[in-house]
Protein chains: 2
Amino acid sequence: MSLPHPTTDQISLPIVLAVLGDPTRLAIVRYLASKEGVPLNCSKFLDLASKTNLSYHLAKLREAGVTRSEAVGTSRLITLRRDDLDKRFPGLLDSVIAAAGTDPALPAVGVSEVEVSA
Amino acid sequence: MSLPHPTTDQISLPIVLAVLGDPTRLAIVRYLASKEGVPLNCSKFLDLASKTNLSYHLAKLREAGVTRSEAVGTSRLITLRRDDLDKRFPGLLDSVIAAAGTDPALPAVGVSEVEVSA
DNA sequence: TCCTTAGTTCAAAAGTTATTGAACAATTGG
DNA sequence: CCAATTGTTCAATAACTTTTGAACTAAGGA
């Protein structure tokens, strides 16, 4: 870990909700959740926004305590802070992700990599 | 009912999250949840914001589908749309309200009316 | 070393949301 | 009818957020 992250008890509910209230960031979180445990780098999200803009949104997610970003070489490995979020706000992340899955207005997650290694 | 409300399936997750991400509105929702079933009028929230500003925030909550506002005389009776939210996004409202209860950065709810009729 | 890849930073512009006060409308009680 | 109560609307402003492009840093491979 290298970049500044809030500790678990510094995570604030209104900030988490506001951060997840942005469609781009919600899509990022859904994608991370669908690949739970697999650290992803920013390039995985380039279909969602420009590189600069992604940097901005990923920083927001990190600063809110929703994701963890670890610098590895020139990459940032990004993971969901599921354990910490579950500890701090039990059930919240699960219900948000489940809700996103049933909101027909939101795009299906992970559509852009249809069996890449088939 | 008189003012425009979205139907249950028009309720959008990012909009609900963004609306609940504002501290004033989150406080309103927590208060409504603590008085579940009792319709409240705007004056109950005057400690949270000015009258004009409340009108704005209550309209946001209504337009997002979080609350229902019914015009009765010169009052608006405001209730949580718990049934609809639970149907649309199961568990979401509960986990948000529970999370708000355990976030020490948020004020305790319903403090300003300490047994009014004691 | 030089080039490429991965991502950040900065400043500007664009867009959105929140807050305010003054004026307004509608209902109710005297 | 008059006045008070309840809440809305409007326009202005303030404050924030998002998006952009150009310039940058840092690591890794040839």
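**Exercise 1. The surface around strand D**

Work out which residues come nearest to DNA strand D and which elements supply the surface there.

*Solution.* Start with the count: 20 residues lie around DNA strand D, and Gly73(A), Asn41(B), Cys42(B), Ser55(B) and Thr74(B) come nearest. A residue is near a strand here if its C-beta atom, placed from the backbone, lies within 6 Å of it. Next, look for elements that give two or more residues to this surface: they are α3 of chain A together with α3 and β2 (75-80) of chain B. Helices (H or I, at least four residues) and strands (E, at least two) are DSSP runs, numbered from the N terminus. Finally, sort by class: four residues are nonpolar, 12 polar and four charged. Ala, Val, Leu, Ile, Met, Phe, Trp, Tyr, Cys and Pro count as nonpolar, Asp, Glu, Lys and Arg as charged, and the others, Gly among them, as polar.

A word on bookkeeping before moving on. Residues are numbered from 1 along each chain as its sequence is written, while chains are lettered from A and ligands numbered from 1 in the order in which they are written. Keep in mind that this is a predicted model: local features need pLDDT of at least 70, side-chain atom pairs count only at pLDDT 80 or more, and totals for chains, interfaces and linings use all residues.

**Exercise 2. Now strand C**

Do the job again for DNA strand C.

*Solution.* The strand is surrounded by 20 residues, with Asn41(A), Cys42(A), Ser55(A), Thr52(B) and Gly73(B) the closest. Chain A brings α3 (51-64) and β2 (75-80), and chain B brings α3 (51-64); each of these supplies at least two residues. The class split is four nonpolar, 12 polar and four charged.

**Exercise 3. How the two chains relate**

Find the operation that lays chain A on chain B, then describe where they meet.

*Solution.* First, the superposition: a turn of 180° with a shift of 0.0 Å along the axis puts chain A on chain B at an RMSD of 0.0 Å. That is the relation of a two-fold axis. The fit is by least squares on the C-alpha atoms of residues with pLDDT of at least 70 in both copies.

Second, the interface: 21 residues of chain A are in contact with 21 residues of chain B, where contact asks for C-beta atoms, placed from the backbone, within 7 Å. On the chain A side, α1 (13-20), α2 (23-34) and α5 (92-102) each give two or more residues. That side divides into 15 nonpolar, four polar and two charged residues.

Third, check the pairing: 100% of the interface residues of chain A are also interface residues in chain B, so the copies meet through the same surface.

**Exercise 4. Helix α1 and the core**

Decide how well α1(A) is covered, and by what.

*Solution.* Eight of the eight residues of α1(A) are buried, so call it mostly covered. The cut-off for buried is 20 or more other C-beta atoms within 10 Å of a residue's own, against 12 or fewer for exposed and partly exposed in between, with C-beta atoms placed from the backbone. Take Ile15(A) as one of them: 20 C-beta neighbours inside 10 Å make it buried. Its C-alpha atom is separated by 6.2 Å from that of Ala64(A), 49 residues apart along the chain.

The cover includes α2, α3 and α5 of chain A, plus α1 (13-20), α2 (23-34) and α5 (92-102) of chain B.

Then step out to the largest nonpolar core, which has 58 residues; Val16(A) and Val16(B) touch the most other members. Such a core is a set of buried Ala, Val, Leu, Ile, Met, Phe, Trp, Tyr and Cys residues joined through C-beta atoms within 7 Å. Beyond four places in sequence, Val16(B) is in contact with Ile11(B), Ala64(B), Gly65(B) and Val66(B).

**Exercise 5. Two residues of chain B**

Buried or partly exposed: sort Thr24(B) and Arg62(B).

*Solution.* Thr24(B) sits in helix α2 of chain B. With 16 C-beta neighbours inside 10 Å, Thr24(B) is partly exposed. Setting aside residues within four places in sequence, Thr24(B) contacts Leu48(B), Ala49(B) and His57(B).

Arg62(B) belongs to helix α3 of chain B. There are 20 other C-beta atoms within 10 Å, so Arg62(B) is buried. Not counting residues up to four places away in sequence, Arg62(B) touches Leu3(B), His5(B), Thr67(B) and Ser69(B).

Methods:
Contact = placed C-beta atoms within 7 Å.
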